[in-house]
Amino acid sequence: MSYIADEKLENTTIVRKYRELLSVLYHKTNEEQRKQIRKAFVLATNAHNGVRRKSGEPYIYHPIAVAMICCKEMNLGATSVVCALLHDVVEDTEYTLDDMRDMFGDTVAEIIDGLTKIEDLVLDDRSSSIQAENFRKIFLSMSKDVRVILIKLADRLHNMRTLESMPPEKQLKIASETSYFYVPFAHRLGLYSIKSELEDYAMRYTDPAEYYNIAAKMKETEEERATLIAEFVKPIQESLLANGIHAEVSSRTKSIYSINQKMLRKKVNFEDIYDIFAVRFVFDSPADEEFEICWKIYRIVCMLYQTNPKRDRNFLTHPKANGYQSLHVTAMSKAGRWVEVQIRSRRMDEIAEKGLAAHYKYKEDGEATEDADVNDRLEDWLSKTREILNSKDSDALDFLNEVKLNLGLKEVYVFTPKGDMKSLPAGASVLDMAYALHTNLGDHCIGAKVNYNIVPVDKVLENGDQVEIITSKKQTPKPEWLELVRTPKARRSIRDFLKTEQTRLSSESQKESDENAELRKFQQKVSEEISNKSLDELIDEQLTATPNVFMLDEKYDIIKYVLADCCNPIPGDQVVGFQVADDKIVVHQTNCPHAIEQMSKFGNRIIKTKWRKGQHIAFLSGIRISGFDRKGMIKEIIDVVSSQMDLNIRSLNIETKNNVFNGTLMLYIQSVRALTDLIHSLQKIDRIEKVERIGYDV
Ligand code: MN
């Protein structure tokens, strides 16, 4: 795509874009604020004058677009727009921060300072992607004023929208930063539509094949979907009108990224999921009539169509922790497809689309927030973030996890496999869920599948988890379970059982521990590296102690690598692999100065390699096995692995806890097929529930 510069046309475009910006802002600014915006616009236009973006367009298009995203898509006010217009001025031109302070005051200067700092951290060319330590700094700079991160997100969103003109290696770097850092952040801030747009853009560059594959299929089915929705909606609209309700209808298709995630998660084809249709009715109403109108629309849908009450979701009286409110009902269309109908007021819709940011009124608006509750939550979140930042002992990576955990509010909403929602107190475990469903399920619970992963009974549930309780007739409540539950119901049921069945319990637990001792003895024989650590700790340890495990890609049967021509490694040399592109690994001698330099810069792309069978290179790879423990299981695993003669095992770690069995197997492999075969053979073992490769994203 080539861009032809036409300055005259460009100048007109700049003015037009500025006018558009002003018109969006007009109703929420006073004259003084509009003066400031104009000042910022003029300054930025002059400062960036003559500079062009990679696409060839004048640079100023970018700050204007970022300012537009801030006010139109994030509901931010005048100060943020001023900062967005100026966000690259200090970074890229002669102007200093002091100039900004003199012209626009302390607040603007502070936000711009934060933005420039983030830019330094993120775009620091010495590191190929954001390193964990940088997260802390980013949080620190944003914690002063959340607008820093919101504007940064707007900046990133515009960069993603215009990523096409970047060179391919930059595209990949920016796309992976986006999914690694900005997506979770957008999610945390509740900027859902921005989050899913970022995800889609990132996927377009990190997994183009699958992205365009799904995009093409979406296109193919577009017409069919449109017809179905139109036919489905028509009678509802007629009935709404007859009842004097004016509601806007929109149907949003699932994002490409989330379709792909669902396909991966459920191991299904596109055809099996594209029929999840959703229609949304949004109406304007006074605050005190919102619920009533929601239920009116709900009743109309139920009268017109057969609905599935099990899939009703009442987020009106039970809003999600992030503030989401809506009423959902799933109805069968005449065409025989389930359609999810979302019903909500304009206010609820704003929160759903723009998150808490939609309701965070800054002081610049000159009035306190209307929605104190939402504001409190955001403040709560910020203070928690600050709290973590000040705790010296947690290292940077842990810190990220803590933010995730600490964000949980007082309640979590979890789902049964059929989609029934249960609300549990924060900190509730699998056992709490089991007891919440049925005392019998609780009493016999041996673990669960949470989001399709095998977990033990003490696993703490998070918002949105899907939980399938797994039971065994032999299982009975243990005294230590009392420590693992939060809900009164679970505690009561466990106590009741313990009281009435004390005698039987003691004999049962005796037998259990006999079995465990036997198993442990066997494990020791098999592997020296048995660890008492949890599986997550174990994997972390393996991934950090050794260079990265190669992420395998189905597309390549034999891993592609080239031998570096700077050091020309030959069989027998100590070698290290270095991932230079999605599908390409360059192998250097470990003492090659070139390799050393590369390693110091791009530590996260090192892949452990070694020579195998003369000329060939083998890559360290990992498999994770999980299931429910039984006698003889480990021996069978060893038998399967050792029967695959080609494999060279580096380590085997196994852990059993509360009857849940977890193992990691590290081995050198030369082809993806060998690994796939092994996985299939392991899957056939009785009571093994899951076998998967270890990647970064787990
Ligand atoms: Mn920028």
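Which residue in β4 is the bridge partner of Asn314? It's Leu327, and we'll come back to that pairing after a look at the whole chain. Keep in mind that what you're looking at is a predicted model.

Start with the overall picture. The chain has 698 residues, and 48% of them are buried. Running along it are 26 helices and 18 strands. If you take the contacts with a separation of 6 or more, 68% are between residues 24 or more positions apart. On the outside, the chain exposes about 34800 Å², with carbon and sulfur atoms supplying 49% of that.

Now let's go back to the strands. Five of them, in the order β1-β2-β5-β4-β3, make up an open sheet with mixed pairing. At its edges sit β1 (247-251) and β3 (313-314), each of which pairs on one side only. For β3, the partner is β4 (residues 327-332): the two run antiparallel and are joined by 2 bridges. That's where Asn314 and Leu327 come in, as bridge partners.

Helices pack on this sheet, too. One of them is α13 (residues 222-242), which touches β1, β2 (277-283), β4 and β5 (338-345). The direction of α13 makes about 35 degrees with that of β2. Another is α15 (residues 290-304), in touch with β2, β3, β4 and β5. Here the direction of the helix makes about 5 degrees with that of β4.

Next, find the manganese ion. Four residues coordinate it, at 2.2 to 2.6 Å: His62 and His87, each through NE2, plus Asp88 and Asp155, each through OD. Along the chain, these donors follow the spacing H-x24-H-D-x66-D. The two histidines link distant parts of the chain, 25 residues apart: His62 belongs to helix α3 (residues 61-73), while His87 lies in the loop between α4 (78-86) and α5 (89-92). Are these histidines buried or exposed? His62 has a relative accessibility of just 1%, so it counts as buried. His87 comes out at 3%, so it is buried as well, given that the cut-off for buried is under 20%.

Finally, look at the nonpolar cores. The largest has 59 residues, and the ones touching the most other members are Leu85, Leu86 and Met100. Leaving aside residues up to four places away in sequence, Leu85 touches Leu21, Ile37, Ala40, Phe41, Ala44, Pro63, Ile64 and Ala67. Another core, of 27 residues, lies apart from the largest one; Leu240, Ala247, Val279 and Tyr305 are among its members.

Terms used: Residues are numbered from 1 along each chain as its sequence is written. This is a predicted model: local features need pLDDT of at least 70, side-chain atom pairs count only at pLDDT 80 or more; totals for chains, interfaces and linings use all residues. Side-chain values use heavy atoms; hydrogens and water are left out. Helices (H or I, at least four residues) and strands (E, at least two) are DSSP runs, numbered from the N terminus. Buried means under 20% relative accessible area, exposed over 50%, partly exposed in between (1.4 Å probe, protein chains only). Contact means heavy atoms within 4.5 Å. Accessible areas come from the Shrake-Rupley method with a 1.4 Å probe; for residues, only the protein chains shown count as cover. Two strands pair if DSSP finds at least two bridges between them. Axes are lines fitted to C-alpha atoms, for helices over the stretch in contact, and angles run from 0 to 180 degrees between N-to-C directions. Donors are N, O and S atoms within 2.8 Å of the metal (3.2 Å for Na, K and Ca); water is not among the atoms, so sites may look incomplete. A nonpolar core is a set of buried Ala, Val, Leu, Ile, Met, Phe, Trp, Tyr and Cys residues joined through side-chain atoms within 4.5 Å.
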